[in-house]
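Colleague: Hey, have you got a minute to walk me through this one? I'd like to start with the strands.

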Amino acid sequence: MKRFLQTIILIVISFSSISAQESDLFRHKRINLYDRDNMPNSKGTIHKDSIVNNRIWRCEQPRLYEYLPGAEEGKGTAVIVIPGGGYIKQAYETAGVSFAKWLNTCGVTAFVLLHRLPNQTDIEDPSIAPVMDAQRAIKWIRAHAEEYRIDPNKIGVIGCSAGAHISACVNTSKDDFSKCGDELDDVNYRPNFALLVSPAAKIKGLGESQKNLGGNIQKLMERFPIDVLIDKTTAPMLMIHASNDKTVSPLNSVEIYKALLTNGVKQSSLHIFPLGGHSISLRDQPGTTAFWPEIAEAWMREIGVLESCK
């Protein structure tokens, strides 16, 4: 009898754990970015998602989840949300769902991206996987702009930490890694604007943004040095950072901004707050850092990609 009760308790605990991991994300429409049988940069092995505590550690199929504003509130603007997690996971709840819902309040159509990670063993070249999946996401949304009542020239990206690095990569890369021989190959893969929150980056002279980088992560960071890749074709960027960020130096954002100015990328902006630490979130931010969402919204209006929010 005692063993039976212990078994029942374990089942209840397991069920509670599973329920706790359920997220609003998975109740929204899922959009797979590739045909499983024609996924580029794949070894063709079969595996499943690995998800623990609202974080995905392995992504079986790169995909988007749509978050739509009210039919009468849409502003014709779309933003892809790329959750961060040090390139070993994606914290899709705190740095994904929350951002998408905030963007909806501004009339922005949001899409949360879950991409493949550099530590996955089923990828041929892990160092480009997150970037190519983000490029594919931009293409897919641009190709379906009419369906979503989106202006194809008002598609942006936003990310925290590693997600901010990917956002910067797709905004600066000259190579289209996402081609796979279908109708999206000829669609523009670059965004029209980018919002970077606590961006991780490989900046010459500053050392590594993150400690203990793995081999494939190191290759990815070295392959996409943001300050070097920026040129006059780069779209405007907004950087949000905290002075007391101990994980990624705010000097990364300073150097990115300097490169933007040097290359004549107009309408870019930099805001460094005294407090906030790493991966600044939407809620419960100290002092003036709490105003960053308002600044981001105002900046999108200022550069002409968003009408005034009511």
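Modeller: Sure. Strand β8 (residues 193-197) and strand β9 (residues 237-242) run parallel and are joined by 4 bridges. Strands here are DSSP runs of E with at least two residues, helices are runs of H or I with at least four, and both are numbered from the N terminus. Two strands count as paired if DSSP finds at least two bridges between them.

Colleague: Before we go on, what kind of model is this?

Modeller: It's a predicted model, where local features need pLDDT of at least 70, side-chain atom pairs count only at pLDDT 80 or more, and totals for chains, interfaces and linings use all residues. Residues are numbered from 1 along each chain as its sequence is written, and side-chain values use heavy atoms, with hydrogens and water left out.

Colleague: Okay, back to β8. Which residue stands opposite Leu195 in β9?

Modeller: Leu238 does. Val197 has a bridge partner in β9 too, namely Ile240.

Colleague: And what about β7 and β8, how many bridges do they pair over?

Modeller: They pair over 5 bridges, in the parallel sense. Ile158 stands opposite Leu195 of β8.

Colleague: Is β8 mostly covered or uncovered?

Modeller: Mostly covered, as 5 of its 5 residues are buried. Buried means under 20% relative accessible area, exposed means over 50%, and partly exposed is in between, with a 1.4 Å probe and protein chains only. In a regular strand the side chains alternate between the two faces of the sheet. In β8, Phe193, Leu195 and Val197 are on one side, Ala194 and Leu196 are on the other, and both faces are covered.

Colleague: What order do the strands of the sheet come in?

Modeller: The order is β1-β4-β6-β5-β7-β8-β9-β10, in an open sheet of 8 strands with mixed pairing. β1 (30-32) and β10 (269-273) stand at the edges with a single partner strand each, so one side of each has no neighbour in the sheet. From one strand to the next, the twist averages 20°.

Colleague: Now the helices. Which strands does α4 lie across?

Modeller: It lies across β5, β7 (155-160), β8 and β9, and runs at about 150° to β7. For angles like that, axes are lines fitted to C-alpha atoms, for helices over the stretch in contact, and the angle between N-to-C directions runs from 0 to 180 degrees. Helix α7 (residues 251-262) packs on the sheet as well, touching β8, β9 and β10, with its direction at about 160° to that of β9.

Colleague: What do β7, α4 and β8 make together?

Modeller: They make a right-handed β-α-β unit. Right-handed means that, with the strands pointing away from you, the path from the first strand over the helix to the second runs clockwise.

Colleague: Why is α4 called largely enclosed?

Modeller: Because 11 of its 11 residues are buried, the rest of the structure largely encloses α4. Take His165, which lies in this helix (residues 162-172). His165 has a relative accessible area of 0%, so it is buried. Beyond its neighbours within four places in sequence, His165 is in contact (heavy atoms within 4.5 Å) with residues including Tyr87, Ala200, Leu220 and Phe224.

Colleague: Different spot: where does Tyr148 lie?

Modeller: In the loop between α3 (129-143) and β7. Tyr148 counts as buried because its relative accessibility is 11%. Tyr148 and Leu68 are 80 residues apart in sequence, but their C-alpha atoms are 8.8 Å apart in space. Leu68 and Thr109 are among the contacts of Tyr148 outside its neighbours within four places in sequence.

Colleague: And is Thr109 buried or exposed?

Modeller: Buried, because its relative accessibility is 7%. Thr109 lies in strand β6 (residues 109-114).

Colleague: Last thing: where in the chain is confidence lowest, and where is it highest?

Modeller: Confidence is given as pLDDT, the predictor's score for each residue from 0 to 100. It is lowest in helix α1 (residues 2-21), at a mean of 36, and highest in strand β5 (residues 78-82), at 98. Over residues 1-21 the pLDDT is below 50, and that stretch has 6 contacts in the model beyond near neighbours in sequence. Residues 207-212 also stay under 50. The chain averages a pLDDT of 86, and 87% of the residues score at least 70.
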